[in-house]
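Grab a pencil and work through these exercises with the model open beside you. Try each task before you read its solution.

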Amino acid sequence: MRVYAVTGVSPEIQAYAMAKYSRSAQSMRDSIAELSAQQAEQFLDTFYFQYGHRSIADLAHLALAIEDISILAAITVVDEPLWDGQERSTRYQDFRRSGWVMPEEVAATGATAPFAAAADAAFTTYHTLTAQLVDILRDRYPVPAGSDRSAHTRTLRARAFDIARYLLPLATKTSVGQVTSARVLERQISRLLSSSLAEVRAIGERMRAACREPGYDPTRERLRAALNGHGANPDVAALLTPTAPAPTLVKYAQAAPYAGCARDALRGAMSRLLEGIEPDITSTVQLAGPESLEDEAITTLLYRASPVGHSYRQIQAVVSGLSAGERRSLLDQSFAGRGQHDEWLREHQSGYALKFDILMDIGSFRDLHRHRRCVQIVPEFGPLLGIGDTAEVLRLGLGDAAPAAIAQGAGRALDGALRRALQAARTLPADQPAAAAYLLPLGTRVRALFKMDVAQAAYMIELRTGTGGHFSYRRVAWQMYQELARHYPDTARYIRATNPDLTVDLLSR
């Protein structure tokens with residue numbers, strides 16, 4: 001038996017070497033030793049593109065850094081089921097230093113001045129509110145005896161950021177690091193290139209280019225510096241030349257219009273079917289009732305297309321009243337533009353026992369969005385669902401310090417800033433609704449549908465009700481547990497959920 005790690009090999013050559021296991025008795029060491037980038041490209045062109053052996057791309061994994069993009073774009077980037085990565089944390093970093101992105105769509109309309117004023121105002125309040133809350137928390141929670149003062153301050157700042165993050169606009173700059181297979185990356189790039197947002201399309205272009213350009217290789221950089229000009233030998237020079245990580249596997253990635261066309265078609269049907277019905281915002285978490293595979297697909301398609309945020313149950317009720325012909329017509333519309341290589345839409349993924357329709361702020365959504373063992377359906381963000389109760393935000397986020405914060409006007413400052421941000425988003429040119437989302441603060445309420453099995457529900461509930469998490473998603477996860485217990489009490493009793501109302505310790509991280 002032999003087990004060994006392989007490092008220092010480009011992703012495509014590594015994929016070629018692993019793929020040879022099915023075609024040769026050679027060890028991976030021998031395969032890599034006889035390979036060249038040209039051989040790998042020829043192999044991949046033949047077996048991946050011509051013969052359609054797509055699983056080969058699962059063997060090539062690439063690490064990409066995607067920096068100085070908006071939070072709105074980052075949400076789109078990470079919206080992949082088979083994705084691994086990290087984004088900058090709003091709990092541990094001061095985003096006042098990051099700045100914000102000016103969307104190309106806004107610049108084209110001449111609305112840059114009001115956009116900049118709204119973004120700057122949000123950052124100003126973010127900064128002043130953070131400082132105010134840190135002072136209030138420091139007065140209420142002095143450094144415990146024997147504790148490290150700097151660690152204590154970092155903890156209090158994290159709690160202040162948990163509140164102040166509600167003010168960050170989606171235009172705020174962030175950075176994402178990801179590790180994916182080339183097959184996931186190819187699909188991701190195609191999806192990004194199909195976006196309605198110029199920034200997201202540009203990210204897709206840059207990701208594709210990054211796969212075909214020499215990557216950053218710190219080992220080669222250190223060797224080049226150590227040799228200090230003594231690497232004139234052609235073999236040494238070749239070893240020191242950075243290589244492209246995946247020049248072949250993603251070269252044909254291009255925009256795939258199918259999903260966008262299907263959603264545009266269904267958006268009209270959605271507006272017609274639910275005309276005059278106000279969105280239900282009375283519940284944070286609703287567990288959808290049982291339905292057929294076809295009804296689930298249709299309801300999910302309409303949920304994704306809803307421009308105003310109707311609940312899943314509201315749409316279920318409408319779909320249940322449709323005739324068989326109307327149902328078939330809606331499904332036909334969702335498949336009409338499907339090309340030869342297009343997969344079924346994410347909305348078509350049906351048959352899940354648990355479907356949680358969650359109304360939450362965008363900040364909490366970003367935390368729950370990281371879960372991959374579920375199907376997530378996310379309508380486009382907009383200002384119509386408003387904001388939550390800011391007094392409740394302070395109570396949940398500050399514990400015993402909340403009365404002092406409210407007395408000093410922190411609640412009024414937060415509420416006023418959030419409402420001004422929503423109003424600024426509403427007043428941007430009406431022909432650029434997608435660009436208006438850049439001004440939405442993280443405190444804006446949005447809907448998202450999470451489909452999963454019971455084991456994933458248990459995992460999310462146990463993890464996200466934990467004492468160290470953000471108070472907002474802790475309450476969402478707790479309500480998921482309550483909904484599950486109401487419908488399936490015999491199963492829910494095995495879930496180790498933590499009631500957030502009984503475990504408030506602001507110094508716990």
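**Exercise 1.** Work out whether Gln-93 is buried, partly exposed or exposed, then find its place and its partners.

*Solution.*
Step 1: Check the cut-offs: buried means under 20% relative accessible area, exposed means over 50%, and partly exposed is in between (1.4 Å probe, protein chains only). Gln-93 has 30% relative accessibility, so it counts as partly exposed.

Before going on, a word on the model: it is predicted, so local features need pLDDT of at least 70 and side-chain atom pairs count only at pLDDT 80 or more, while totals for chains, interfaces and linings use all residues. Residues are numbered from 1 along each chain as its sequence is written, and side-chain values use heavy atoms, with hydrogens and water left out.

Step 2: Find the place. Gln-93 sits in the loop between strand S2 (84-87) and helix H5 (104-109). Helices (H or I, at least four residues) and strands (E, at least two) are DSSP runs, numbered from the N terminus.

Step 3: List the contacts (heavy atoms within 4.5 Å). Skipping residues up to four places away in sequence, Gln-93 touches Arg-88, Tyr-126 and Phe-161. Take Phe-161: it's 68 residues from Gln-93 in sequence, yet the two C-alpha atoms are 8.2 Å apart.

Step 4: Look for a polar contact, meaning a pair of N or O atoms within 3.5 Å; within protein, one must be able to donate a hydrogen and the other to accept it, and residues adjacent in sequence count only if both atoms are side-chain atoms. The side chains of Gln-93 and Arg-88 make one at 2.8 Å.

**Exercise 2.** Find out where Ser-195 lies and what its side chain reaches.

*Solution.*
Step 1: Ser-195 is in the loop between helix H8 (182-193) and helix H9 (198-212).
Step 2: Its relative accessibility is 17%, so Ser-195 counts as buried.
Step 3: The Ser-195 side chain reaches the backbone nitrogen of Leu-197 at 3.0 Å.
Step 4: Leave aside neighbours within four places in sequence, and Ser-195 is in contact with Val-200 and Arg-201.

**Exercise 3.** Is Ile-163 buried or exposed, and which residues does it touch?

*Solution.*
Step 1: Go to helix H7 (residues 149-164), where Ile-163 lies.
Step 2: With 0% relative accessibility, Ile-163 counts as buried.
Step 3: Not counting residues up to four places away in sequence, Ile-163 touches several residues, including Leu-129, Val-393, Leu-414 and Phe-471.
Step 4: Now try a pair across space: Ile-163 and Asp-84 are 79 residues apart along the chain, and their C-alpha atoms are separated by 27 Å.

**Exercise 4.** What is the phi of Asp-68?

*Solution.*
Step 1: Locate Asp-68 in strand S1 (residues 61-70).
Step 2: Read the angle: Asp-68 has a positive phi of about 60 degrees, although it isn't a glycine. Most residues other than glycine have a negative phi.
Step 3: Check the surface: Asp-68 has a relative accessible area of 53%, so it is exposed.

**Exercise 5.** Describe the surroundings of Tyr-494.

*Solution.*
Step 1: Tyr-494 comes in the segment after helix H23 (489-492).
Step 2: Tyr-494 is exposed, with a relative accessible area of 59%.
Step 3: Ala-458 is 36 residues from Tyr-494 along the chain, and their C-alpha atoms are separated by 8.5 Å.
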